[in-house]
Amino acid sequence: MRAALNRLKFAWLEVTGLCNEFCDHCYADSSPKGTHGTMTVQDWVNVLDQLAEMGTLDVQFIGGEPTLYPHLVELIEHAHEAGLGVEVFSNLTHVREPLWDAFKTCGVKLATSYYSDEAADHDRVTQLRGSHRRTRANVAKALDLGIPLRGGVVAVNQGQRVEEAAQDLLALGVETVGGDRTRAFGRASRGAAPTVEDLCGHCAHEKCAIGPTGDVWPCVLGRFLTLGNVRETPLVKIWGGDQMARVTADIAAVHGDGVQSCTPPQFLPMCGPCAPCVPSVGHCDPREAKAAAGPTTIAAPA
């Protein structure tokens with residue numbers, strides 16, 4: 001799909017592969033052994049400027065754990081000054097005071113993963129002792145500060161208290177809680193090679209992801225499908241270019257052209273028309289979306 005017919009509205013910016021958690025289901029294979037990659041701060045600034053010039057509306061800083069990236073405040077401020085909406089997807093275990101200030105000043109939205117209402121259950125997923133306590137405390141702090149926050153519950157382990165996790169977030173005051181299943185990418189693939197069949201098919205439709213080495217992917221899960229590299233080629237030439245056309249054709253050959261109605265809820269601030277699936281549904285599959293009886297987002301009562 002050419003750029004003229006497919007405006008780039010949203011971009012995931014994976015500023016680091018470093019994470020203080022070691023979740024078994026991590027699609028990015030992030031860990032405490034990860035690095036910030038080869039993208040310099042100026043490289044990221046250039047990307048933000050290019051996105052703004054292309055008319056992109058929103059960016060989401062991800063990782064790894066983006067709050068561990070030492071220049072995140074600088075990038076948030078630059079994105080805000082460029083007129084981009086900003087969301088940070090964080091495990092909320094490591095938020096320094098300058099970050100809280102940037103969140104408030106720049107109108108940042110937050111998103112976080114939450115696995116159980118019980119600390120031991122949550123920490124079993126993250127493999128970081130005390131992560132539940134810190135995440136829950138910072139969810140409460142964000143809400144106290146008036147920072148918009150959405151939660152996502154991923155079903156990982158047998159017997160995991162996903163429904164209770166969602167209800168706990170709602171009780172804290174989180175207005176929107178989505179759910180998802182584990183997807184066979186990164187560590188969750190257990191060594192299996194990723195395939196186009198495992199994607200939802202929405203990849204490169206008004207969105208892309210950019211990794212710590214500058215590689216451009218059709219989405220965060222489709223990192224095995226490279227569209228180009230922003231350190232070598234301007235993003236405006238990558239988006240809608242020949243390599244992107246080949247990749248999107250490969251995706252369409254498997255999924256068809258009608259899958260743009262749905263996208264994995266954990267990673268995108270917007271999702272429709274069926275909205276993020278609750279943990280009890282356990283999927284976000286465009287082939288099954290038509291069978292859903294209306295929106296399934298868990299929302300706080302009015």
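## The hairpin of E7 and E8

In this predicted model, strands E7 and E8 form a hairpin with four residues between the strands. Within this hairpin, Gly214 adopts a positive phi near 95°. E7 covers residues 207–210, and E8 covers residues 215–217. The two strands run antiparallel and are joined by two bridges. Across from Ala209 of E7, the residue in E8 is Trp217.

## Strand E7 and its second partner

E7 also pairs with strand E1, which spans residues 10–14. This pairing is in the parallel sense and extends over four bridges. Trp12 has Ala209 of E7 as its bridge partner. Ala209 thus appears in both pairings, with Trp12 as bridge partner and with Trp217 standing opposite in E8.

In a regular strand, side chains alternate between the two faces of the sheet. Are the faces of E7 covered or open? Both are covered: Lys207 and Ala209 lie on one side, Cys208 and Ile210 lie on the other, and all four residues are buried.

## Helices H2 and H3

Helix H2 comprises residues 72–81, and helix H3 comprises residues 97–105. Their axes are 10 Å apart, and the helices pack at an angle of about 10°. Because of this angle, H2 counts as roughly parallel to H3. On the H2 side, the contact is made by Leu72, Val73, Ile76 and His80. On the H3 side, Pro98, Leu99, Ala102, Phe103 and Thr105 take part. By class, the residues of this contact are seven nonpolar and two polar, with no charged residue.

## Helices H4 and H5

The second helix pair consists of H4, residues 119–126, and H5, residues 131–144. The axes of H4 and H5 come within 8 Å and cross at roughly 105°. The two helices are therefore roughly perpendicular to each other. Ala119, His122, Asp123 and Thr126 of H4 meet Ser131, His132 and Thr135 of H5. The contact of H4 with H5 holds one nonpolar, five polar and one charged residues.

## Asp43 in helix H1

Asp43 belongs to helix H1, which runs over residues 41–53. Is Asp43 buried or exposed? Its relative accessible area is 19%, so Asp43 is buried, the cut-off being under 20%. Apart from neighbours within four places in sequence, Asp43 is in contact with Thr38 and Arg231.

## Cysteines

How many disulfides does the model contain? The count comes to zero. For Cys203, the closest cysteine sulfur is that of Cys219, at 3.4 Å. A disulfide requires the two sulfur atoms to be within 2.5 Å, so this pair is too far apart for a bond.

Cys203 has a relative accessibility of 6% and therefore counts as buried. Cys106, at 8% relative accessibility, also counts as buried.

## The chain as a whole

The chain has 302 residues, and buried residues make up 54% of them. Its secondary structure consists of nine helices and 10 strands. Of the contacts between residues at least 6 apart in sequence, 69% join residues at least 24 apart.

Technical notes:
Residues are numbered from 1 along each chain as its sequence is written. This is a predicted model: local features need pLDDT of at least 70, side-chain atom pairs count only at pLDDT 80 or more; totals for chains, interfaces and linings use all residues. Side-chain values use heavy atoms; hydrogens and water are left out. Buried means under 20% relative accessible area, exposed over 50%, partly exposed in between (1.4 Å probe, protein chains only). Two strands pair if DSSP finds at least two bridges between them. Axes are lines fitted to C-alpha atoms, for helices over the stretch in contact, and angles run from 0 to 180 degrees between N-to-C directions. Angles under 35 degrees count as roughly parallel, over 145 as roughly antiparallel, 65 to 115 as roughly perpendicular and the rest as oblique. Contact means heavy atoms within 4.5 Å. Ala, Val, Leu, Ile, Met, Phe, Trp, Tyr, Cys and Pro count as nonpolar, Asp, Glu, Lys and Arg as charged, and the others, Gly among them, as polar.
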